[in-house]
Amino acid sequence: MALSLYNTRTREKQLFEPLSPGRVGMYVCGPTVYDFAHVGNARPVIVFDVLYRLLKKSYEHVRYVRNITDVDDKIIAAAEQSGDSIDEITARTTEAYHEDMAALGALPPDIEPRATDHVPQMIIMIERLIARGNAYEADGHVLFAVETDKNYGKLSGRNRDEMIAGARVEVAPYKKDPADFVLWKPSTGEQPGWESPWGYGRPGWHIECSAMSREYLGMTFDIHGGGRDLVFPHHENEVAQSTCAHDEAEFARYWVHNGFLTVEGEKMSKSIGNILLVRDILAGAPGEAIRLNMLSSHYRQPLDWTEGGVTESRTILDRWYRAAADAEPLACDAVIEALEDDLNTPKAIAALHELSNAASQGDALAAGQLRGGANLMGLLMKSQSAWFKGLDATEYDISFMNKLAEPLPEIAERIDEQVRQAIDKWDEMSGEQQGTIYELCINLLIDFRKLAREHREFQTSDIIRDLLLEANITLEDGPDGTTWRRTV
RNA sequence: GGCCAGGUGGCGGAGUGGCUACGCAGCGGCCUGCAAAGCCGUGGACACCGGUUCGAAUCCGGUCCUGGCCUCCA
C-alpha cells in the first residue's frame, strides 16, 4: 500500500501513513439537514466513499465518521417558513439524505453522530477554551479569541491582516477582534437551546465537528475531509478550537478537500434557480451513472455537471457491463495504483476502459479485473441482467402490449388468455409481479418476432422492434438469439 | 481589492521537460435482412506573448480569461 494524498495543509502530495499502524480514522463534514441533497452535496460523499473503500482494502480498522448537523440557523429558518417543527424537518431530511446517498452507491459511514446528541461535549470543550484563555464570554455569546492562537490561518494560508482587510461584513459589536468567531450563542423563544454556564443557548457551527471528532476519533486523527469551500472558515476554526482545547495536540493529519461543482457551466444558486437535486437526477439516470460522472474528473478539479455527461457515463457503463458480464471480481492493480495516486479516478477509469476492450475480445482475466477494479470505485455492483433489464426497478411500462392490436391484429389475437388477464390486473399487482409480467410480455414479443423473421416477414419484425423501442426496450439480434435491454 | 485554484482535440478528461493517455461523438470498413451491440481503422489539442533549454503543452516571467474563498456563509 502506497497511498498518497494531497494535503491542503502542506499543499503537497504526501505519502499516507496512519497514526497507528493498521488503523485509520477519517472525519468528513456531513450535511446540514434542512433540504434535499443537491449534486454539490453528493460530490464529497462519493469522493470520500471511494477513499473509504480504498482504505478498507488496506487497513483492518477504518473508522469513518460523518456528522449530521441538525442544529443550525438555516434549519430554524426552514421551520419558520414551512410551519413544520424542527424535529420533523431534520428527521425527514436525514431520511431522504440516506436514501439518496445509498442510491448513489455510497456506503454508510461507521458512525454518523448528530450535533444535538453532543451538546454536553461541546460545552465541556468551550469551558476548557475559556479556562485556557482562548475564549471569552460577551453579551450572552462565547467567542473564540483568534489572536490567542498563533497558528490561526495556517490551514487556509491566510494571515490576519488579509482577513481584516478583506472583511466585507459588518463586525458584531461584542467581538473583541473582528476575526473572532462564535462558540456559543443565546437562544430565545422557539429557537432550539440547551442550558449552559452562559445561559440558555445553542452551539456555533464549528464547535460540533471539533467535539464529535474528539469523541469518536480522539484528539489526533488521520484524515479530515470536506468541500474546498469549508477550508475557511470552518476547518480553520475547527483546528483552532481543537488544538487549543487539547494542549496543542495535532488535530487532523491529512486534510483532503474536493473541488467545486457547476451545473451546465453555471454556479448553482437559488437566484438562478438551477439547484439540481440528487433525487431529480436519480429519476432519469441510474445511480451508478451519476457516480461515474462524478468520478470522471479528479476530485480536486472543478467539475461541470451536465446532462450530456451523465448520458455519456451511462453509455460507458453499458459497455462495461457487457464486457464484464458476470465475471467474478478480481484484484485490479491498475485501478488500485491509480487510486493510490491521490485518488486519480480518471486514470483508473482509463484503465477500466482498457480492460473493457480486452474483455470484449474474450479476455476472461480482464473481465474479472474490470469487475474488481470497478467495484473498488463502487461501480459495476449489479448483475448484468439487473443493469440491462432493470428487473429491480420500481416502474415498468407495458403499454406496448396495448398498442399491438392496431398494426399487428393477428399477433394480438394470439396472445395467451392468462397473459391477457394478467395485463388487465396490472394496477393491482405488486412491483415484483409487474416485473415478472413485464419480462414475460417482452419474451412473448421476441418469440413472435422470431417467427416473423424465420418467415422473412421483416416488416412485422420491425414493427415489433419499434413498438418495444418506444417503451425504451432495445432488441439485439446476436448469434445466440435475441436479447433485450432497457435503455431508460 | 486580497488569497487560492485552473485554462489540453467537437465534447469530457489524465499526464508532464523528448515516448499513441483514455473515453464520448464523427468518419471509413467488417458483421447484420435492416438495426443494435461488437470488432478493425482514422483525423484532431495543449489560452496568448516572451524567456530558459539540444528539445516545452510540461520550467520561468508577463498578459488575458474562468472559478472558489474573504469571519457565523455550503
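User: In this predicted model, what makes the approach of Arg453 to a base oxygen of RNA strand B a polar contact?

Analyst: The model is a prediction, and the values are computed from it. A polar side-chain atom of Arg453 lies 3.3 Å from a base oxygen of RNA strand B. A polar contact requires a pair of N or O atoms within 3.5 Å, so this pair qualifies.

User: Which polar side-chain atoms lie at a sugar or linking oxygen of RNA strand B, and how do you know that these pairs count as polar contacts?

Analyst: For Glu476, the distance from a polar side-chain atom to such an oxygen is 3.0 Å. For Arg485, an N or O atom of the side chain is 3.3 Å from a sugar or linking oxygen of the strand. With the limit set at 3.5 Å, both pairs therefore count.

User: Which elements give two or more residues to the surface near RNA strand B?

Analyst: They are α5 (160-166), β7 (181-186), α7 (231-245), α10 (307-324), α12 (345-360), α18 (431-454), α19 (458-470) and β14 (473-478). Helix α12 gives the most, with seven residues.

User: Which residues come nearest to RNA strand B, and how is the surface near the strand divided by class?

Analyst: Of the 56 residues around the strand, Lys74, Val182, Asp229, Lys267 and Arg465 come nearest. By class, the surface has 19 nonpolar, 14 polar and 23 charged residues. On the RNA side, 56% of the strand's atoms within 4 Å of the protein belong to sugar or phosphate, and the rest belong to bases.

User: Why is Leu230 classed as buried or exposed, and where is it found?

Analyst: Leu230 is found in the loop between β9 (221-227) and α7. Its relative accessible area is 14%, and buried means under 20%, so Leu230 is buried. Beyond its neighbours within four places in sequence, Leu230 is in contact with Cys29, Trp205 and His235. Leu230 and Ser156 are 74 residues apart in sequence, and their C-alpha atoms are 9.6 Å apart in space.

User: How are helix α1 and helix α9 oriented to each other, and why is that term used?

Analyst: The axes of α1 (residues 39-58) and α9 (residues 287-295) come within 10 Å and cross at roughly 85 degrees. Angles of 65 to 115 degrees count as roughly perpendicular, so the two helices are given that term. The contact is made by Val39, Ala42, Arg43, Ile46, Asp49, Val50 and Arg53 of α1, together with Arg291, Met294 and Leu295 of α9. By class, this contact has six nonpolar, no polar and four charged residues.

Methods. Residues are numbered from 1 along each chain as its sequence is written. Chains are lettered from A and ligands numbered from 1 in the order in which they are written. This is a predicted model: local features need pLDDT of at least 70, side-chain atom pairs count only at pLDDT 80 or more; totals for chains, interfaces and linings use all residues. Side-chain values use heavy atoms; hydrogens and water are left out. A residue is near a molecule or strand if one of its heavy atoms lies within 4 Å of it. A polar contact is a pair of N or O atoms within 3.5 Å; within protein, one must be able to donate a hydrogen and the other to accept it, and residues adjacent in sequence count only if both atoms are side-chain atoms. Helices (H or I, at least four residues) and strands (E, at least two) are DSSP runs, numbered from the N terminus. Ala, Val, Leu, Ile, Met, Phe, Trp, Tyr, Cys and Pro count as nonpolar, Asp, Glu, Lys and Arg as charged, and the others, Gly among them, as polar. Axes are lines fitted to C-alpha atoms, for helices over the stretch in contact, and angles run from 0 to 180 degrees between N-to-C directions. Angles under 35 degrees count as roughly parallel, over 145 as roughly antiparallel, 65 to 115 as roughly perpendicular and the rest as oblique. Contact means heavy atoms within 4.5 Å. Buried means under 20% relative accessible area, exposed over 50%, partly exposed in between (1.4 Å probe, protein chains only).
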